[in-house]
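Please open the structure in your viewer and keep the selection tool at hand. This tour moves from stop to stop, telling you what to select next and what is there.

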Amino acid sequence: MIADLAFSSLGDLLTSPLLLVALLIGVPLGLFFGAVPGLGGKLGIVLAIPFLAGVDPMAGAVFLLSMHAVVHTGGSIPAILFGIPGSGADSAAVVDGYPMARNGEAGRALGASMCASGVGGVIGALFLVLFLPVLRPLMLSVGPSEVFFFAIFGITFIAVLSGDRLVKGLIVGCFGLMLSFVGADPVIGVNRFTFGQLFLWDGIHLITAMMAIFALPEMIWLATRGGSVSRLSMVDAGYNYRSILDGCVDVGRFWWLTLRTSIIGAIIGAIPGLGGNAASWICYGHAAQTSHTPEQFGQGAVEGVIAPDTANNSKEGGSLLPTLFFGIPGSSGMAMLLGAFAVMGIEPGLHMAGDGLGLVWTLIWALVVANIAAVILFLLTAKWVGMVSFIQGGYLIPFVFVFAFLGNYISAGGWEHVVLLGVFGLLGYALKRFDWPRAPFAIGLILGHMSELSLSKSLALWGPTFFMRPISLVLIALTIGSVGFYVLRRRRGAGRSFGD
Amino acid sequence: MSVSTFFGAAGARDVPLATKGEVIFSFVMLAIVGGMTILAMTYPAETRLAPLVIGLPATGLCLLNAVTIMSTKRGRDDGRRVVSKGAEISAIMWFLGFVTAIVLLGFYVGAPLMIFFYYWRAQRVGLLVAIGAALVIWLLVYGVFTIALEQLLFQGVLFDKFA
């Protein structure tokens, strides 16, 4: 009976002109909002809401979800070509995607990114289906204590991502953690490191920090050395459609990594409070830790593109679970979607498992079809998109600067953040120039605030013995195992230079 | 063994060399992290806990790094430099110019202006091409963000002050 409902929903989606049009408009719009730095899926949803009043709720929901589902697919494009992430979650793709473009492998990076995103999105949707029966007890048993230890688990990747520059990497990771403390402290609300500036009360905006540390230094360096993003010419790089397909094949070649990171991303997405940005970085760290060639990470390892991109898309499927069935948004994007659903008269809740199952299945299929459509759309245009990496940098850099500042202003909301972007941009350039690893900074910044907030909640709820909770103990064991694995690998000499 | 010997064949160095810039930057990081840690000590107990837990070991690591860098032989920068110092300073100044222009003049004026000057002076393209590029960015900024997306962008501190 469930199978009948599932396939009839798929049939409805593919044979209904209204739903199909909604999906086919949503996908390119989602790619656009993802590809322009700073816009993001949330802005797309907000802008679309006024147009959806009076529209068929099913069509409206399909449109919004298809748009939102492929935002990170689009966000990888500027991340790979220019080193500018479309959003904070896309910044993990910069670390290896941009070096691949520099090595003349832009096509391969884009192909791997798009296919990984598509596969991740499909697996995320399947996760939604398979874990529906067990999600409620799982969610109810995850609290601040588990979130804290999950954050600690992620923070241990700072060491992994530092490679043989361990001291510098730890310093940069700690610096990221310190920056995450800027703003009001979660315990008594006292402002820290704000210097009396109102715009810092909410902390350092993630997109500001990511662009400043990862993207702008690359553009400054490009302006310094001249030439194009790619160090090789299009002829020398052998850029053609084949290189894009090679990237797609890489997703199959690293199928086990793809599967693991898709599942990890979906789980992270399903647990409210962990944060979607954490998914891509944790999966990136996991890929680096488990790779047979960790020294390639940061220098243009295709696994460094596959891992975060699968996670970015699979987490959307995961985060749809608590959103639809409990009305608890699994991410900030889902929070916007929840608001949009309310406008359209769709009321999430446990009844979705009963009379709302038709809508649920339609949305699941919309996720699957949207991700596949994004991959097809991209593959049709990829050859021209990737050519940008061979254009003389001097013609690109000023436009990239403007869009970086624009994206930062729109997402952070204030000219002061433009100044902050400039200051941190110089710091980021210095980190690059003097060979300090930058990836640990992202881990520290993303997970610092989450870990402090969840620690204070855990202590308030359960006292000092909060770590005795069953899932917390599992996470502690996982963390110890992860650190032990890292130490073992370093002793064997596998954790060599982690290029930047 | 002289410093110049180390810049002979690639990979001939036996001892890691620190340039002046690396030494200075290691102290800059020490100053930033150490400064934040010292500042954290002035906060109430619950507020300063997390920053001190992270900041104190981080400051120690910065000190360790700075001492290590100081104790290595200092080498000349140009032996390993792959770009000229002039090009680097020029790129940084253009970047700062972009920041300044956008802060003072906003996106509608500052962005096209800097595009124009960058194309004209840094890229040495013709005047018409530079003006065309500036026009393109203005159309993109105004057309896409302001008209299509209805996002009123920052107009610059100077224009805000005198508006």
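Begin by selecting B:Ser26, which counts as buried because its relative accessibility is 1%, and buried here means under 20%. As you look at this residue, bear in mind that the model is a predicted one.

**Around the first stop**

Keep B:Ser26 selected and colour helix H2 of chain B, residues 20–40, since this is the helix in which B:Ser26 is found. Which residues does B:Ser26 touch, not counting those up to four places away in sequence? Show A:Trp436 from chain A, and then B:Asn65, B:Ala66 and B:Ile69 from chain B, and you will have the residues that B:Ser26 touches under that condition. Now add B:Cys62, which lies 36 residues from B:Ser26 along the chain, although the C-alpha atoms of the two are separated by 7.1 Å.

**Where the two chains meet**

The contact with A:Trp436 leads on to chain A, so next colour the two chains separately and select the residues in contact, 57 of them in chain A and 59 in chain B. Between chain A and chain B an area of about 5100 Å² is buried, and carbon and sulfur atoms give 85% of it. Within chain A, pick out A:Met178, A:Phe193 and A:Phe399, which supply 11% of the area that this chain buries against chain B, more than any other three residues.

How many salt bridges are counted between chain A and chain B? The count is one, and you can find it by selecting A:Arg433 and B:Glu88, whose closest N and O atoms are 2.5 Å apart. To see more of the side of chain A that touches chain B, colour the elements that each supply at least two residues to it, including helix H2 (17–35), helix H11 (166–180), strand S2 (191–192) and helix H21 (415–433) of chain A. Polar contacts can be shown as well, and seven residue pairs are counted between the two chains, with both residues at pLDDT 80 or more.

**A nonpolar patch on chain B**

For the last stop, select B:Val109, B:Leu113, B:Phe117, B:Trp120, B:Leu127, B:Leu128, B:Ile131 and B:Phe159, which form a nonpolar patch on the surface with about 710 Å² of accessible area together. Which helix gives the most to the nonpolar patch? Helix H4 of chain B does, with four residues, while helix H5 (127–148) is another that supplies at least two. Finish on B:Leu128 in helix H5 of chain B, which counts as exposed because its relative accessibility is 73%, where the cut-off for exposed is over 50%.

Key. Residues are numbered from 1 along each chain as its sequence is written. Chains are lettered from A and ligands numbered from 1 in the order in which they are written. This is a predicted model: local features need pLDDT of at least 70, side-chain atom pairs count only at pLDDT 80 or more; totals for chains, interfaces and linings use all residues. Side-chain values use heavy atoms; hydrogens and water are left out. Patches are made of residues with over 30% relative accessible area and no salt bridge: like charges are joined within 9 Å, nonpolar side chains (Val, Leu, Ile, Met, Phe, Trp, Tyr) within 5 Å. Accessible areas come from the Shrake-Rupley method with a 1.4 Å probe; for residues, only the protein chains shown count as cover. A salt bridge is a side-chain nitrogen of Lys or Arg within 4 Å of a carboxyl oxygen of Asp or Glu. Buried means under 20% relative accessible area, exposed over 50%, partly exposed in between (1.4 Å probe, protein chains only). Contact means heavy atoms within 4.5 Å. Buried area is the accessible area (1.4 Å probe) that two parts lose on being put together, summed over both. A polar contact is a pair of N or O atoms within 3.5 Å; within protein, one must be able to donate a hydrogen and the other to accept it, and residues adjacent in sequence count only if both atoms are side-chain atoms.
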